[in-house]
Amino acid sequence: MSSSGFASQNGAGGSYANGPSQNPVGVYPSNQGFMAPPQSGYMNNLPTKGPPPTGPSLYSGGRHQPSPAGTPGALPASPNHMSGLSGPPQGSATPPPANSYYQHPHQPGWSGVTPPPPMGNNASPVPPAMYRTTSTPPVFQNPMQPPAPSVNNAAMTAPPALNVMAPHQTYGPPPSVRPPPPPAAVRGTPPPPVPPTAAVPPPPLATHSDGVYAAHPGQMRGPMGSSYPSLQPVYQSVPGMQTAPQMPPPAQMQTQPQLYPQPSPGAAQLSPSLASLSLQSQTPEALRVVNLLQERSLLPPGAVTPPTPCLPQDLQKLNSSPEVFRCTLTSIPQTQTLLNKAKLPLGLLLHPFKDLSQLPVVTSSNIVRCRSCRTYINPFVTFVDARRWKCNLCHRVNDVPEEFMYNPVSRSYGAPHKRPEVQNATIEFIAPSEYMLRPPQPAVYLYILDVSHNAVETGYLDVVCQSLLDNLESIPGDARTKIGFITFDSTIHFYNLQEGLSQPQMLIVSDIDDVFLPTPDSLLVNLNECKELVQDLLSSLPQMFSKTMETQSALGPALQAAFKLLSATGGRMSVFQTQLPTVGIGALKPREEPSQKAAAKDIQHLSPATDFYKKLALDCSGQHVAVDLFLLSAQYSDLSSLGCISRYSAGSVYFYPSYHKQHNPSQTERLQKDLKRYLTRKIGFEAVMRIRCTKGMSIHTFHGNFFVRSTDLLSLANVNPDAGFAVQMSIDENLLDLQMVSFQAALLYTSSKGERRIRVHTLCLPVVNSLSDIFAGADVQAITALLASMAVDRSVTASLSDARDALINAAIDSLASYRTSVLSVQQPGLLAPACLRMFPLYVLALLKHKAFRTSASTRLDERVFAMCQLKYQPLAYLMMMVHPGLYRVDDLTDEGALNINDRTIPQPRVFQLSVEKLSRDAAFLMDCGTVMYLWIGRNCSPVFLTQVLGVESYAAVPLNMIHLPELDTAESARLRAFVDWLRERRPFHSILHIIRDESPLKPEFMQNMIEDLSESALSYYEFLLHLQQQISK
Ligand SMILES: [Zn+2]
């Protein structure tokens, strides 16, 4: 059971299914998805026992057919849907679950009971595509020198412009091999020596942990096209899981004695008293009944804060910050059946590599982990006595290693529960040599630049080359850092930058069908040694092609060349492309239809036209190469195909529609600012991220940019601090005996300084057994973000209208469940618990978001980019884009202002996104994430116009104003402080457009008024009425 469950995830997420043998993005959900354990779907409609309920909580695809978009169509006709898909695993006797996610397109909801059409053409199941995972012990090729105990990684982290890294605490190893004499208190009872025989041998799969590359580069798959050799999907954390799920593991039974009394918060509190922990602190407000049809002012005056898990205060104090790790449900249902009843999605939202101001860093030769499931010791383990700790994920009792008895912070001995590892839910380790299979590679950066006529005409080369020149000193790395450049049009141009040359030497390869590297050893050069040549090249590049008449674009061959260049070391490719690739492998044809504003179901081509980019990305991922794509284009460039190169290699996608240096200055500003962040932000190479969870739960689907290497392991060729991930979870076994569960994300990476590091985040949440407690802990923003990712997948695997219907049904079903199962007294209206009061609003916002909207005309690339962002942006930034902030700014005061570093930052209240909130005698700032609008009312006060904008009258406000003038007035200072503060809180640049009623951008501003009726989308009030109607049916 468990193994098939885990196997089922290996195709994780349909469109994210791995491996060249499977389909590109647009495939119908892969067979594995349907093999998920019956309970594993979100909003599963097939309870394991008994027939589906028939009450209002019954989720019937046909019944909720509300969308004006109409009935969902059949599978999109894209050929991708039919090619090379392996069928459902053979011999599957159980019917496919009503898996919310992998659902037949004829069922518009998240759940569906129709099995997938047997599209299989393989007699035997294709093994889940994985990298070869070695079951032999890791080869320690190069025992790296142990890091100096006092490494201060503050120095290595270039302070990013937006998030200044404060110096990190660094804890070194114990000062000597022998621990210091124990303090007097414990001296009387010296810890018993641990008999070596007591140690249980590590499970055979221990090497399959994130400590070790699953495959040696030399063993990795070679050319694309064949399936990856794989071993049986494994999950080493659960030996014996198949046998008696409800039985405590043997270790637990042996060591069941009373808990070791502990002075510290943390472990000791895992006592039965938790059960009696009251939810009362949270319940009244979170579950306050709100009639949405009556209560219109839903928005809090400031930011929406995430709910706090109902844990004992001392445990909660140690928990991961919601900024890096949060769950859609801060109270975990005891069973999948209960989860199904709540009709809320269960999943994690992660921002694992976020720039942090506080990050404890530990240097240790022995990183303490559970011998059974390899969980890192964390604040939520239990010390059963002074020498043993119980894993909070698999419940195995482990020995405390001798050196862990010493606390480097207090320099004391005998209090392992006070070690930094047990006091911090987010912590970083400097890894010893067993965490590497080859020496950490240098930071390698390769820039691939489109120099076709079209590219040169946009003027982007000036900006990119200048940004590189300006930031060359700040690029993360060390003395070994390497850099290289490739330019391309219809041919590929390499640059020999070898030390000793008097100037860069350009080498042109015109055979794009069989690309080779002309001088393989001198194309990637040491940045420090060859800096002058690099600077020469960057200074001359923009001019070198200024007269070009070459219009063709051989992007695919250029990428192949780049892959060859980087495959030995891994590294980062930064690709700048300005048009549709036209020649060589990977060439694409225009697919955008002139009028994409037709009905949602007609929107085609959300899936790639070729699998070339995905396959190349998988090869790149295998060699630890990530590809970041900068698309700067006025015309359709097929981002849904090109984007695969970044998506599966764990890269990032940047999009600058209508980029032109002269004609579109705001995009130029954005590119400049984004590049500064991009070039100088922290980077991790050769990364993997593993997510573990308490036994009984499992990962269902991943969302983000990565390659799924195994059931719980993501390959991240690069990891950057601005990447977010989402993970859908399921409950495989009842969690009846547990008071809390934990999730742990471990990110192993090579720093730009060549250190192997592990960043670990652990989140602990209570388990509850009542629907009202589940609802009370619902995190509406996390739910919205997870649903957005799911809906993106649904748009691609089924259709846009299907995704829209599923979003609407998510709101209907959860509110219906709340009404029938939680509310004891029935009352009229559309009722929601206070914690979910914004759920319908956010769903409506998603329906009107560029990714899913049907009303306004939306360019295909812009829609696809919006979808990329929904899957990739960390929650905080995603919500800015989904539900913009609206502030009145013509009357800013210092009342309630923030004071940060001697700056006074006004905090205006947030307004509803409705035109009725605008008043003509005011000015409003709308913050949509990457863009802000400052709307000036026709009768705006002359004081504001003169003191803030520096103009005499409304009519004098220029139509294309993008900067606030720096005037020496209090009003100007306040608004600029506020705008700067908003901008500082995100890693990308926000353009500011100052607009008035006559401005060409006014319609875009108005489109974000999501509470209002638009062209063909409902107003918020109408939407509520629609939900109410469906719920009361
Ligand atoms: Zn464990």
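**Exercise 1. Overview**

How many helices and how many strands are there in the chain? Then describe burial, contacts and confidence.

*Solution.*
Step 1. The chain has 27 helices and 34 strands. The model is a predicted one.
Step 2. Turn to burial. The chain has 1033 residues, and 64% of them are buried.
Step 3. Look at contacts between residues at least 6 apart in sequence. Of these, 78% join residues at least 24 apart.
Step 4. Check the confidence. The mean pLDDT of the chain is 78, and 71% of the residues reach 70 or more. Over residues 1–109 the pLDDT is below 50, and this stretch has 334 contacts in the model beyond near neighbours in sequence. Residues 172–282 also have a pLDDT under 50. For residues 172–282 the model has 210 contacts beyond four places in sequence.

**Exercise 2. The zinc site**

Which protein atoms are the donors of the zinc ion? Work out the geometry, then place two of the donors in the chain.

*Solution.*
Step 1. List the donors. They are the SG atoms of Cys370, Cys373, Cys391 and Cys394, and they lie 2.2 to 2.3 Å from the zinc ion.
Step 2. Read the spacing along the chain. The donors follow C-x2-C-x17-C-x2-C.
Step 3. Place the pair Cys373 and Cys394. Cys373 is in the loop between β6 (361–363) and β7 (382–385). Cys394 is in the loop between β8 (388–390) and β9 (397–399). The two are 21 residues apart, and the pair links distant parts of the chain.
Step 4. Test the angles. Four donors count as tetrahedral if all angles lie between 85 and 135 degrees. Here the angles are 99 to 116°, so the arrangement is tetrahedral. The ideal angle for four tetrahedral donors is 109.5 degrees.
Step 5. Test for burial. The cut-off is under 20% relative accessible area. Cys373 has 1% relative accessibility, so it counts as buried. Cys394 has a relative accessible area of 6%, so it is buried.

**Exercise 3. A four-stranded sheet**

In what order do the four strands of the open sheet stand? Find the edges, and find the helix that lies across the strands.

*Solution.*
Step 1. The order is β3-β5-β25-β22, with antiparallel pairing.
Step 2. Find the edges. β3 (325–327) and β22 (697–703) each have a single partner strand, so one side of each has no neighbour in the sheet.
Step 3. Look at the turn. Neighbouring strands of this sheet are turned by 25° against each other on average, direction ignored.
Step 4. Zoom in on one pair. β5 (residues 347–350) and β25 (residues 725–731) share four bridges and pair in the antiparallel sense. Leu349 has Ala726 in β25 as its bridge partner.
Step 5. Add the helix. α19 (residues 780–797) lies across β3, β5, β22 and β25. It runs at about 65° to β22.

**Exercise 4. Two covered strands**

Which residues of β13 are on one side, and which are on the other? Do the same for β32, and name the partners of both strands.

*Solution.*
Step 1. Recall the pattern. In a regular strand the side chains alternate between the two faces of the sheet.
Step 2. Sort β13 (residues 444–450). Val444, Leu446, Ile448 and Asp450 are on one side, with Tyr445, Tyr447 and Leu449 on the other. Seven of its seven residues are buried.
Step 3. Find the partners of β13. β14 (residues 482–488) runs parallel to it and is joined to it by seven bridges. Val444 stands opposite Lys482 in β14. β18 (residues 571–577) also pairs with β13 in the parallel sense, over five bridges. Leu449 stands opposite Phe576 in β18.
Step 4. Sort β32 (residues 923–927). Ala923, Leu925 and Asp927 are on one side, and Phe924 and Met926 are on the other. Five of its five residues are buried, so β32 is largely enclosed by the rest of the structure.
Step 5. Find the partners of β32. β29 (residues 885–888) pairs with it in the antiparallel sense over four bridges. β33 (residues 931–936) is joined to it by five bridges, again antiparallel. Asp927 has Gly885 as a bridge partner and Met932 in β33 as another.
Step 6. Inspect the hairpin of β32 and β33. It has three residues between the strands, and Gly929 takes a positive phi near 95°.

**Exercise 5. A helix inside**

Why is helix α14 described as largely enclosed?

*Solution.*
Step 1. Count. Ten of the eleven residues of α14 (residues 612–622) are buried, so the rest of the structure largely encloses the helix.
Step 2. Name some. The buried residues include Phe612, Tyr613, Lys614 and Asp619.
Step 3. Move on along the chain. His624 follows α14 and has a positive phi, near 65°.

Notes:
Residues are numbered from 1 along each chain as its sequence is written. This is a predicted model: local features need pLDDT of at least 70, side-chain atom pairs count only at pLDDT 80 or more; totals for chains, interfaces and linings use all residues. Side-chain values use heavy atoms; hydrogens and water are left out. Buried means under 20% relative accessible area, exposed over 50%, partly exposed in between (1.4 Å probe, protein chains only). pLDDT is the predictor's confidence in each residue, from 0 to 100. Contact means heavy atoms within 4.5 Å. Donors are N, O and S atoms within 2.8 Å of the metal (3.2 Å for Na, K and Ca); water is not among the atoms, so sites may look incomplete. Four donors count as tetrahedral if all angles lie between 85 and 135 degrees; four count as square planar and six as octahedral if opposite donors are over 155 degrees apart and all others between 65 and 115; anything else is irregular. Two strands pair if DSSP finds at least two bridges between them. Axes are lines fitted to C-alpha atoms, for helices over the stretch in contact, and angles run from 0 to 180 degrees between N-to-C directions.
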